[in-house]
Amino acid sequence: METTDIGLWGVPLAMLGGAIRVSTPFIFVSLGEAITERSGRINLGLEGTLVFGAMSAYAVAVMTGSPWLGLLAAALAGLCFGLFHGWICKFPKVNDIAIGIALMLFGTGLAFFFGKPFIQPSAPDLPAIPFGAWSDIPQVQAALNVNVLFLIGAALAVFLWWAFRNTRIGLMVRVVGDSADAARAMGLNPNTVRLLATGVGGALAGIGGAYLSLYYPGSWTERISSGQGLMAVALVIFARWNPLGCFAAALLFGGAGALGPALQSVGVTEGYYLFYAAPYILTLIIMIATSSRSRTLAGAPGELSITK
Amino acid sequence: MADTASSPDVRTILDAGGYRAALEWTARRAETFIIPLAALVVGMALFSLFILAVGKSPVQLYETMWRGGFGSWFSIQNSLSRGAPLLLAALCVALPARLGLVVIGGEGAIVLGGVAAASIGVGLNGAPSFLVVLLMGVGGAAAGGIWIGAVGALRHYRAVNETISSLLMAYIAIALMNHLVEGPLRDPASLNKPSTQPLADIYRVGNIPGMEVHWGLVVGILACVLSWLLIEKTRWGFAARIAGGNVRAAQVQGLAVGPLIVGFTALAGGFAGLAGMLEVAAVQGSANGSLAAGYGYTGILVAFLARHNTLAIIPVAVLLGGIDASGGLIQRRMDLPDATVLVLQGMLFIVILFSETFYGRFKLFNPDLWQRSS
Amino acid sequence: MTGKFMLSRRDLLKTSAAGAALGLASAAFPMRAARAAAATVGFIYVGPKDDYGYNQAHAEGAASLKGVEGISIVEEENVPETVDVQKTMESMINLDGASLIFPTSFGYFDPHMLAMCAKFPDVQFRHCGGMWNKDKHPMNAGSYFGYIGMGQYLNGVVAGHTTKSKKLGFVAAKPIPQVLLNINSFLLGARSVDPAITCQVIFTGEWSLAVKEAEATNALIDQGADVVTCHVDSPKVVVETAAGRGAFICGYHANQSPLAPEKYLTGAEWNWAKVYKMFIDDLIAGKPLPNFTRGGLADGFVKMSPLGPAVGEAARKQFDATLAEMMKGGFSVIKGPLKSNKGAVVATEGQAFVETAIELESMDYLVEGVVGSTA
C-alpha cells in the first residue's frame, strides 16, 4: 500500500470523506421521514426499520451472494414496517409518536432475533464509484470512493424537492399534511395518502439500513446503529421538511462526525468526547441561530402533532 | 389526553344519586382498566404465536415470566428495583407532554444530575450526612432542571423545536459526562471502570426497611403523586392543561405561557436529574458511564403508555420492570436470546397503544348510552 | 500451572490459618459443593453473546463446559452495569441455585459484584478483569484475567516487520489500564524490530460503536498507518474497514482471519475455555477456588492466531523466538529505560516489569512513540 503524508490536510479530507461515507443513512432516513411528515404523520420507529433493514439486507446478501437483492429485501421490509405504521395510525386516538416508539422496539427486536446467524459470515458489499481516480494520493482516492447509494440519495433529494412543488402527487401529500379537511374537500382520502407516504418513508429507511450493513461500516452486528435512525428523524425538523435541507443536514452531520477521529489522528488528542459531540453542538447552534419567535417553523405541516 | 379530568368528583356523584351513580362512576372508570388489560392479554396471545413459530412453548414462556417477574417476593422486588428509575424518567416526558411538548432527551438530565450529585457528595465529604444527601438531591435536580428547562426556554423564546433540541442536548450531556468522569473528575483508583471518587458510605441512599429496593422507588412514587396533584388540583396545572390544548387560547385568557413552559420543563428535568442522583447515591456509589443506561429513553415509552397520566406511570413502570426482570429468566431457562424481550415489548405496546382507539366505543363503559337503550 | 496460581493458593492457606473470618465462608463452600451432585454456574455478559469479540470469547468458554457432568450453565446477555446486574446475580442464585457466578464485564466488579458477595457469603463470584485484593475484598470474591498484552506485543513484532510507513494504528475504546497496556505492548513489540516506529491511537469512547470505529480506522490509514489493530468489543468492523483500505491487520479477542485472509497477520486471542475448565475442575473436586487468577501464553489463557500469508520470513523468525522466550516465563514488555509520551520516566535503566507485575494492572500512561492521550 502506497501512502502519502498529508498531515493536517487529513482533517478537512476526513470531513469530506466522512460527509460522503457517514451521511448516506441519514439522507435516506430523513428523506423518507420528510415524505411521511409532509403528509402529517410522524414515524419515530424508523430507527427500528433502519436496524431491521440492515439485518435483512445483510442476511439476503449472504444467502444469495447479491448485495442488490439484499438492498431490495431491506426496502421491502421497510415498506412493510411503514405500511403497518400508516395503517394502525389511521384509527382514531392512536398516537403516531407512541406507535413509532413501540415499532422501534419491535423492529430492533426482530432484527436481533433473526440476525444471530449472520453476525459471523461476510456479505458482498454494494459497489462504489472511484471518483478520486484522477488523484495519485491514496487518501483522496479513498475519500472520493463514492457509493452509488449516496448518489441516488442526492438525486432523490433534488427530485423530491422538485416533486413536492411541481407534481400532483407532491401537492396531494402537502395538502393532506397541511389540512385533512381541505384534503377531503378536494376528494382526497387523507388516510390513504398517509398510508402510502409512511410506506415509502419506511422503504427509504430500510435502504438506509442496507447501506450500513452492506457498505459502511459494512457488517451486521447488533450495535450497527448508534441511534442514526432517531437522529435522522430529528434532522427532518432541523431541515424544515425541505428535502434539500435534509441532504445538507445529513452532510453536515456526517462531516462533523468525522472531526473527532480526524483530530486525534493528527495529534489533537485531549478531550475527544467533546469533539465527538461536535455534530450535536453544531446542529443545536444552527437551530438556535436560525429560529426566532416571530417566525414560526416555516414549512411545518399543519397536521403534524409535533409542531402543533 | 386528560380525559379523567372531565369526569366529576367522587363525592359529588355519591351525594347526587347513591347506588346507581356509584355504578355509573365505576363503569366510567372501569374503561381505563379493562381496555389496557384486555389489550395486554391480546398482545400476549399474539406473542404466543411468535413463540410457537420459533418452536418454543408459550405456556412455559409465560410461566417463566411470571416466576421471574412477579411470582415471589424476590421477583416482585426485582421488578420494583428495575422499574424505580423509570418513574422519574417518565415524568420528564409526561409533564412537558401535558403542555403539548414532546421532550425525548431525559437521558441528558439523568447523567448530568448524577455527575452534579457525585461532585457535591465528594466535595462536601465530612459534612453531616442528611445535609449532604439533601444537597446532592437538590444539586442533581437543579442540573437536570436547568438542562431541560433550557429546552423549554428555547422552545418558547426562540421557537426551537423541543424534540430535536432535547435529543441533541442529551447527546451533548452524555459527552460532557464521559469527558468529566474519564478526565477532570476521574478517580485515579477507578482502574477499568473510570468513575468519580466514591461517595462515603454515610452519603449512600439505602434500601426501604424490610425490602431490597432502594428509596428511589418511594421518591419516584411520591413524585408521580405530587405531579398528579399539581396537574389536576392546582391553578398551575389548570393553566398547563389549557396551554396544552391551545397556546393561543391560553394567551388570550391572560396566562403567562412562557413561565409555564419553562417551569414545567424545568420541573420535568429536575425529576430526571433526581433519578441520576439516586443512581449515584443508591446504586453506583460514584458517577460513571453507566449513568447513561437508557432509562431516559425507556421513560419515553412509559410516559406514552401511561398516556401522560402521572399516576398511570406507576403501574406501567412496574410492568416494564417486571418484563425486564423476567427477561433474564427467559434467557436462562428457555435458551432464547435477549432480543425476545424486545419483540415481546414491541408487540405488547403496539397492541396496548392501538387499544386506545376503543375508548368511548363500548356501551358498557358509557352510562349515558345505558339510558338511551333501556 | 502458573506461579501466580500457586501463590494465590498459598495466600489463601495463610489467610485461613490466621483464622480470618472471611476465609471461613470460602472454606465451608467445598463441603456444600461436594454434597450437591449438580452445581449451577452462571455467566453474565455485558453485550450480545454473538459479537465476534469480547463477549463471544467468554460465551464460547462457557459453551465448552456444557458437556461437563454435574454442571449446568445459565447465561444472560446484554446486562447493563447497573442495579440490573445485581438483580441478575441474585436471580441466578435464588431461582437457578447458582453457586458460582462469572460476571464478565469490567464494570460489574465494584460496586455490583461486591454487594452480592456480601449478601451471599455461600456463593462464589469470580470476575473477569477485576483487581481482587485480600485486604480489601471478601474471600468469596475473586478475579481472573489473561496477560493478553503479551499477545499484543507479538502482534507488534509482526507489525513492525510488515509496516513500510513505520506508522501503526490502534483503535481503542477507553483509556483504561488494560487498553493502555495493549497499546504500549503493541508499539514496544514493533519497536523491538525498529525503534523508529510510532503508533497512533484513536479512542472511540465506547466499547462498541460501529460507525465511529470505521471512521477511526479510516483516519488512521489516512495518516499513513499501514498496520492496524484494536481493542474494542467487536473488532469485525475495524478488520473489514482496514482490509478494505489495503492495510494489514492484527486481530484481537478472537481469530478474525476469515474476514480478511490476505491482510490478517496474526492476532491475540482469548482462550477462556481453559480458564473456566480450571475453575470447574476445582469446584467438582471440592477444592477452594483461587481468588486471584492470572495467566498468559504459557498457561494457555491467551493464544495467537496462526500467522497469515503476508508475514515474511524475518517476522516469522522473530515471532517464534519471542514466543518461545515468553513461554519460558519472566518476559518483560515494560523495561527501562522507558519514558511515557509525556516525558515521565516509567521504568529506569535496569528496571523491568514482568508480565505478572501487579503495577501493570494500574497503568495510566502511554509510552514514548505512541501518539495519543490518556484523557
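## Worked exercises on a predicted model

**Exercise 1. Check the length of helix 6 of chain A against the expected span.**

Solution. Helix 6 of chain A runs over residues 148–166, which makes 19 residues. At 1.5 Å a residue, the helix should span 27 Å. The expected span takes 1.5 Å times one less than the number of residues. The end C-alpha atoms are 26 Å apart, so the two values agree. Keep in mind that this is a predicted model.

**Exercise 2. Work out which residues of helix 6 of chain A are buried, and where they lie around the axis.**

Solution. Start with the list. The buried residues are A:Leu149, A:Phe150, A:Gly153, A:Leu156, A:Ala157, A:Leu160 and A:Phe164. Now place them around the axis. They cover an arc of only 110°, so they sit on the same side of helix 6 of chain A. Next, turn to the face directed away from that buried side. There the exposed residues are A:Ala155, A:Val158, A:Arg165 and A:Asn166. Last, find the packing partners. The buried residues pack against helix 1 (10–38), strand 2 (145–147), helix 7 (168–178), helix 9 (190–214) and helix 11 (243–257) of chain A.

**Exercise 3. Describe the open sheet of chain C.**

Solution. Write down the order: four strands, 2-1-3-4, with parallel pairing. Then find the edges. Strand 2 and strand 4 (124–125) of chain C each pair on one side only. Now take one pair. Strand 3 (residues 98–103) of chain C joins strand 4 of chain C in the parallel sense over two bridges. C:Ile101 has C:Phe125, in strand 4, as its bridge partner.

**Exercise 4. Characterise the side of chain C that touches chain B.**

Solution. Count the residues. Chain C brings 31 residues into contact with 25 residues of chain B. Assign elements. Strand 2 (71–76), helix 4 (83–96) and helix 7 (177–191) of chain C each supply at least two residues of this side. Helix 4 of chain C gives the largest share, eight residues. Sort by class. This side of chain C has 11 nonpolar, 10 polar and 10 charged residues.

**Exercise 5. Describe how the two domains of chain C meet.**

Solution. Set the bounds. Domain 1 of chain C is 3–147 + 271–295, and domain 2 is 148–269 + 305–371. Their centres, taken over C-alpha atoms, are separated by 30 Å. The contact uses 16 residues of domain 1 and 15 residues of domain 2. On the domain 1 side, helix 1 (3–17) and helix 3 (54–63) of chain C give two or more residues each. Helix 3 of chain C has the largest share, four residues. By class, the domain 1 side holds five nonpolar, eight polar and three charged residues.

Definitions and conventions:
Residues numbered from 1 in each chain as written. Chains lettered and ligands numbered in written order. Predicted model: local features only at pLDDT ≥ 70, side-chain atom pairs only at ≥ 80, totals over all residues. Contact = placed C-beta atoms within 7 Å. Nonpolar A, V, L, I, M, F, W, Y, C, P; charged D, E, K, R; others polar. Pairing = 2+ DSSP bridges. Domains from an automatic or database assignment. Buried ≥ 20, exposed ≤ 12 C-beta atoms within 10 Å, placed from the backbone. Arc of directions from axis to C-beta.
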